[in-house]
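Ready for a few exercises? Have a look at the chain below, then work through them at your own pace.

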Amino acid sequence: MVWRCRGMRWAGAGGEPVLVWEGGRTSGLASGRVIAFRAVGERGCAGARGNPCPVGAVVGGRTTGGRCAECARLERARSVAADTMADDPRTYRVYLAWFGAGMVKVGITAEERGDARLREQGAVAYTWLGRGPLMAARRTEEVLGTALGVPDRIPYAAKRAARVGLPGAGGRAAQVTELYRRATDVPGWADTLEPAPLRVVDQVEVFRLGAVERVDAVVGELVDGGCVSGAVVAAAGPDLHLAAADGRALILDTRLMTGWGLVAAEAGEATTVPVAAVAPVPPPQDGLF
């Protein structure tokens, strides 16, 4: 039987990760569960806004978006991230997210989504800064990003490398707390938002990162006939940390699974898709951030 995956969602009871399949079925990703599949055929465009691609385009194996250029444009036509939904009436929250030493960002998310956005991004720890209308939240994001000198995006390659050798819970909390203090010292932004008190949320146990001792390689793409096989160690953002049968510690970005026809493989089969080594994380410039 051929299955088609829609990627990983943090949608289980309590926010646990699940793989979502066409037709609505989900598969839990408990620690130790063996994932073993083989890609078949060509990778098709995922379409846009719940609709199939009108031309049935074939897309490259390395793209995490999984869409052709036209469907990608349509998907972002009404998007907060693309600044094409300025009239969104929902309440938004501004957050400070920490991914590892030297890796912090300011971002926004719809309040109704709770902490889902922080789990989707793989934020190791975070705190809320404030809540209010979309444009006020967006302005705060820009003001604080500039004032604190932090980016609005952090590459996934850097996030993955930073998950190995994280500081302890106290050290993580101290770094988020200091960042929060620095943010609240920036004048003006709280005039248009309702400030939120400091509450550091640590997601190491949610992601099971304590079990991640090393990362040897990252799956670069799926290919026709290529196999991925391994036992689930941890999950963060869209990534699955897998213990492969040959002893390697691999990361599979589940966004690479969309658009492929997938068939079951035998547990313990060798992973044969292309993989790339993980570059080490350079030390932070100033010892704290």
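Three exercises follow, each with a worked solution.

This is a predicted model, where local features need pLDDT of at least 70 and side-chain atom pairs count only at pLDDT 80 or more, while totals for chains, interfaces and linings use all residues. Residues are numbered from 1 along each chain as its sequence is written, and side-chain values use heavy atoms, with hydrogens and water left out.

**Exercise 1.** Work out which kind of aromatic pair tyrosine 95 and tryptophan 128 form.

*Solution.* Start with the rule: rings of Phe, Tyr and Trp (its six-membered ring) pair if their centres lie within 6.5 Å, and planes under 30 degrees apart count as stacked, over 60 as edge-to-face and the rest as tilted. Searching the whole structure turns up four aromatic pairs. In the pair of tyrosine 95 and tryptophan 128, the centres are 6.4 Å apart and the planes make an angle of 80°, which is edge-to-face. Next, place the two residues: tyrosine 95 is in strand β5 (residues 91–100) and tryptophan 128 in strand β7 (residues 125–133), so the pair ties together parts 33 residues apart in sequence. (Strands, E, at least two residues, and helices, H or I, at least four, are DSSP runs numbered from the N terminus.) Now look around: Tyr95, Tyr126 and Trp128 make up one aromatic cluster. Finally, arginine 93 has its charged end over the ring of tryptophan 128, 4.7 Å from the centre; that label needs NZ of Lys or CZ of Arg within 6 Å of the ring centre and within 35 degrees of the ring normal.

**Exercise 2.** Find which residues of β11 and β13 stand opposite alanine 243 and aspartate 239 of β12.

*Solution.* Two strands pair if DSSP finds at least two bridges between them. On one side, β11 (residues 227–236) runs antiparallel to β12 with five bridges, and aspartate 239 partners alanine 236. Their hairpin has two residues between the strands, with glycine 237 in the turn at a positive phi of about 60°. On the other side, β12 joins β13 (residues 249–253) by five bridges, again antiparallel, and alanine 243 faces alanine 249. Here the hairpin has five residues in between, and glycine 247 in the turn has a positive phi of about 95°.

**Exercise 3.** Is glutamate 141 buried or exposed?

*Solution.* Buried means under 20% relative accessible area, exposed over 50%, partly exposed in between (1.4 Å probe, protein chains only). Glutamate 141, in helix α3 (residues 134–148), has 11%, so it's buried.
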